[in-house]
Amino acid sequence: MMENSKMGTNCEDFAETRDSKEEFSDLITFEGGKSVNSDSLGDALLSDPNQCRMCGNSLVVPRMLYCLHGFCEECLDKKLVSEGGDAGTPDTSIICPTCHHNSKVGTKKLNALPLDVTKTNISDVSSSTILHCTSCTAKEVAKSRCNTCHNLLCSNCDTAHHYMRCFESHKVVSLEEMKKEGMKITIHTPLVCEIHKGENIIFYCNTCLVTACSECLKSEHKPPTHICEPILDSELKVRQEIQCLLDESKAKVEVLLQASNGLNNSLEELAHQHSTAKDLINESYQSYKAVLEKCRDEALENLKSLHRERELKIMMENDRVGKTIENFDDACKFTSHLLEDATATELMYLRKVVVNRLTDLNKSSPKLGKVYSIEFQTDFNNFERVIKENFGKFLTENNDNSSKQSSPLPMIPQGLPPLTINGLNTASGLSNGCTTSLSNSSPISLPMSMQSSFDGDLSNNLQNFTITQSPPLPPPVNTASLQGFSSIAEYNLTQLATLAETSTSNNTSPSPQFSLVELLNNDTACKNLASLAKLGLNNVTDPLASILPSTSNNSSTTITRSNKVSPMQIRWKFGQLGPSKSQFNSPHGFCLGLEEDIIVADTNNHRIQVFEKSGQFKFQFGIPGKEEGQLWYPRKVAVMRSSGKYVVCDRGNERSRMQIFTKSGHFLKKIAIRYIDIVAGLAVSSNGEIVAVDSVSPTVFIIGESGELLRWFDCSDYMREPSDIAIHGKEFYVCDFKGHNVVVFNETGQYLRRIGCEGVTNFPNGIDISDAGDVLIGDSHGNRFHVAVFSRDGSLVSEFECPYVKVSRCCGLKITSEGYVVTLAKNNHHVLVLNTLYIM
């Protein structure tokens, strides 16, 4: 069997082909596509099929690897020599720089690879004035063109195409009409047999699956040993065969896209289950603190290990699916182009490599189906009798006795199960007096930092209250007035009055001192106490309800989408999964420095990395650990504009911790933020105040640089789950991830307005405000990074989307001075700088 031996396959043959095109300069064939613009290398590599992805220049003597990616022959030759030397062996192969597919070339080396005849075989002769018929030998002036057989037609051939039955499916267009539309006109040069010079390829050998000329049928492909037939007779069958493979591949891509979405949902659900399990473990510990401290620590470590293991598995599986989708996309694009523009001869010539590639992709698609889950079970019935044996255990997807009740994901047999605790009698309540249990549907959950420090009942804690000052007192607050609160609400009041830390170091800012009188003697006291009281109330009447104004807002927002979504180009993209420099592991946040450096909170690598806008690594700081000056899962980072200091929020020994570092990464001090559960957004105001938003119980906290809590306001009446925050002047813009909008407050916490709505700002996770006051809201819903631009009053100005890369769970959005937009793809482990979206 002979492979790729029926056509010129070296530089000299390509030169001959180019010369033969000049001979056809008076014959013009039409191709409906427009010419491709030659952009800069960064953008062209993403979109221009006529550019080599190795050198960035226009393709010269393009060779096709078996994965259907084309490169310059010279570039491939250099790669072949650098990887395996010049001497070819039967096992010599080339690894594609784009998809890493291994193309075996053997001793023929580059001659084993076909030329990309869809590019080398077409000449643009749009400037020619005289057009001759290419369908017959009369060489009369052409008047029309057949888009099916790619021939120019004279008057006689045009008549035959219109009236003969064999041409009834052919599409004929007049040349005059084509010229009016200003379309590019090209010609296809006949393919010439490499073995028999001057002989056109007109046959196809079904035995060897290669094209052949008439002389080949007398020697190499002599019947009846070889079954050969004219190419035109085989064209319809081959087109149908390749079309079926193309349709199957496109269908598989759709399935894989659904599977990718399913994996992303699985990752989100796994994170949600992890958070829920952790909260339930801490809640159980709070009820039985005296005997369960050791068990709680063991369970939390086990949970972290299980979650970590499954999180990495899902991310790796998602990465494999993404690469498979990209391979399918590239193969399908080439095949579609081949079926649309190639002649019958060209189609037959490339049939084998196209069919093999599509078949290989369809057979080698990643096998999906394994479901990862975490479930915590505990039995309270025998709690007093066997404490340690029945404290709880984790159920994962590997347990046969785990009960799973979730909807199946696309291409995945089962979804992740909901998290439950078996045997928990919520009706009886817990020992701390809470009559309800936290659940997935709870709009607000109690911060663990507050729960873990609660001992005893309210009456004992009230004995510790002391009034250190004697300001004018508000109306008396007696024990009877507190009876209407649940124990958790009372506890919150108690804890807010005693927020001082028991011990501080030289590098630690002391927590503010509060008394009950101070809490009730300020402008926002009633609102703060009312919002805190809601944390433990379901069926208990709020005693402040009668004196507080209603804060509910039922107004709905309707936005008219009159503007089309404009594409964004990728200026720079850097980062990948790993522990080395310029690599990330699930980064959760970033910000821009004084010189617009990109500062990334590399969460699971326990460090902060600093880059130039182009992605050039500058430096990093942070040592893994829970001690002061160390970093433990840093989630958010911000920069103080006045000094360049870094504000970093991580876990530490508590749920959340805030630390200050110099602009070179040296530790300065710790700020105690026990009142914050999970920092979802972090920003620094123009006057140097640190603003943090809690995602568990939606609250905005304003903290001084020295560490004192200046003020806070509750925003749970207006949003479900904060995801980011931006400050412009005296207005705070808070993204509501599950509310699909942005809520605007003034600096005192007064609600002002909403921006965005579902369908326009789905699951927003990044926001920034331009100098002109325009609001840019980013989201990654549907695995595409999307930005909606609004005016300050909430009017939609424009929308943008980056179609060139699939992203998962983008975190944050920032605008540079040039108008570039920066975002962080957490699950893809890279940073995107998009060009140029916005002129500030």
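## Close-ups from a predicted model

**View 1. Lys79 sits in helix 3.** In this predicted model, Lys79 is part of helix 3, which covers residues 73-84. Is this lysine buried or exposed? With a relative accessibility of 16%, Lys79 counts as buried, because the cut-off for that label is under 20%. Looking past the neighbours within four places in sequence, we find Lys79 in contact with Met54, Ile94, Ile95 and Pro97.

**View 2. Helix 9 has a kink in it.** Helix 9 takes in residues 344-363. Its 20 residues should span 28 Å at 1.5 Å a residue, and the end C-alpha atoms are 27 Å apart, so the two values agree. There is still a bend to look for along the way: a kink of about 50 degrees, centred on Arg351. As for its surroundings, helix 9 is mostly covered, with 15 of its 20 residues buried.

**View 3. The largest nonpolar core draws on helix 9.** This core has 41 residues, and the members that touch the most others are Leu68, Ile242, Phe334, Leu338, Leu350 and Val354. Which elements give two or more residues to the core? They are strand 10 (203-205), helix 7 (231-287), helix 8 (289-341) and helix 9. Helix 9 gives the most, with 10 residues. Zoom in on Leu338 and, leaving out neighbours within four places in sequence, you find contacts with Thr118, Glu346, Leu347, Leu350 and Val354. As a general point, nonpolar side chains in soluble globular proteins tend to be buried together.

**View 4. A second core is separate from the one above.** This one has 19 residues, among them Cys649, Met658, Ile676 and Leu709.

**View 5. Strand 24 is covered on both faces.** All the residues of this strand, 5 of the 5 in 657-661, are buried, so strand 24 is largely enclosed by the rest of the structure. Arg657, Gln659 and Phe661 are buried on one side, and Met658 and Ile660 are buried on the other.

**View 6. Strand 24 has an antiparallel partner in strand 23 and another in strand 25.** Strand 23 (residues 646-650) pairs with strand 24 over 5 bridges, and Tyr646 has Phe661 as its bridge partner. The two strands make a hairpin with 6 residues between them, where Gly652 in the turn has a positive phi of about 65 degrees. Strand 25 (residues 667-671) is joined to strand 24 by 4 bridges. Which residue of strand 25 is the bridge partner of Phe661? That is Phe667. Strands 24 and 25 form a hairpin as well, with 5 residues between the strands and a positive phi near 95 degrees at Gly665.

**View 7. Four strands make an open sheet.** Strand order in this sheet is 17-40-39-38, and the pairing is antiparallel. Why do strand 17 and strand 38 each have one side without a neighbour in the sheet? Strand 17 (569-574) and strand 38 (810-815) stand at the edges, and each has a single partner strand, so one side of each is left free of a neighbour. From one strand to the next, the twist averages 20 degrees. At the strand 38 end, strand 39 (residues 821-825) is the antiparallel partner over 5 bridges, and here Ile815 stands opposite Val821.

Technical notes
Residues are numbered from 1 along each chain as its sequence is written. This is a predicted model: local features need pLDDT of at least 70, side-chain atom pairs count only at pLDDT 80 or more; totals for chains, interfaces and linings use all residues. Side-chain values use heavy atoms; hydrogens and water are left out. Two strands pair if DSSP finds at least two bridges between them. Axes are lines fitted to C-alpha atoms, for helices over the stretch in contact, and angles run from 0 to 180 degrees between N-to-C directions. The expected span of a helix is 1.5 Å times one less than its number of residues. The bend at a residue is the angle between axes fitted to the seven residues ending there and the seven starting there. Buried means under 20% relative accessible area, exposed over 50%, partly exposed in between (1.4 Å probe, protein chains only). A nonpolar core is a set of buried Ala, Val, Leu, Ile, Met, Phe, Trp, Tyr and Cys residues joined through side-chain atoms within 4.5 Å. Contact means heavy atoms within 4.5 Å.
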